[in-house]
Amino acid sequence: QIRVVLADLGADVIKTGMLGAAETVATVVDALAAFAPETPLVVDPVMAAKGGHALLEAPAVDAVRELLVPRAAVVTPNAPEAARLTGLAVRGPDDLAAAGAALVAAGARAALVKGGHLAGDEVIDVLVERGGRETRFSAPRIDTRHTHGTGCTLASAIAVRLAQGANLKTSVTDARAYLRTAIARAPGFGRGHGPIDHTWPVKDRTS
């Protein structure tokens, strides 16, 4: 499927998400090397569902670190994912920055380490780029249980803005703003971790 799509349509940016097993990671990396070696890659190293269920086998963590991270234009782990990928304790903003620097040292061109899992009234994300550039983003935490898919949404929104020609910092800024509104406008479905409202820009344009 990767070969057919890239040979026919091509891609401005590619984003990976839940890959599950080391063999899958290796297959994706090989395919990208063959068919899209110069296409920017946004790597969302999905490891666990919102409810805690593991989505990445333990051996696959090494495959993500060794094969996928070095291919990434930007890797977007949350705090627990960053800790597993780097072996560092990630408990505060400075730890987010240190983990981001470690991922860049491991080969990624940039790392956005997300702090939503950390305690506090402010959610802080840290973007670390090659050359030591560091940008911290902060916003008040929205008190809600409707946060299903937020990490995947953020990485996808970053990929979209990169594909539209925005630079990385602008892409992250715009993606965070889009996600924040999507969380605030969540429809409130169910009694668990409900979905967010991905369609709010369309509603705003048509209202």
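The paragraphs below look at one helix and its buried side, then at a pair of helices and a residue between them.

This is a predicted model, in which local features need pLDDT of at least 70 and side-chain atom pairs count only at pLDDT 80 or more, while totals for chains, interfaces and linings use all residues. Residues are numbered from 1 along each chain as its sequence is written, and side-chain values use heavy atoms, with hydrogens and water left out.

In helix 3, which spans residues 58-68 (helices are DSSP runs of H or I with at least four residues, strands runs of E with at least two, numbered from the N terminus), the residues Ala60, Val61, Ala63, Val64 and Leu68 are buried, meaning under 20% relative accessible area with a 1.4 Å probe and protein chains only, whereas exposed means over 50%. These buried residues lie on the same side of helix 3 because they cover an arc of only 165° around the axis, taken from the directions from the helix axis to the C-beta atoms. The face turned away from that side carries the exposed residues Ala58, Pro59 and Glu66.

Further along, the axes of helix 6 (residues 150-163) and helix 7 (residues 168-184) come within 8 Å and cross at roughly 140°, the axes being lines fitted to C-alpha atoms over the stretch in contact, with angles running from 0 to 180 degrees between N-to-C directions. Leu154 is found in helix 6 and is buried, with a relative accessible area of 4%. Leaving aside neighbours within four places in sequence, Leu154 is in contact with Leu112, Lys114, Ala175, Arg176 and Leu179, where contact means heavy atoms within 4.5 Å.
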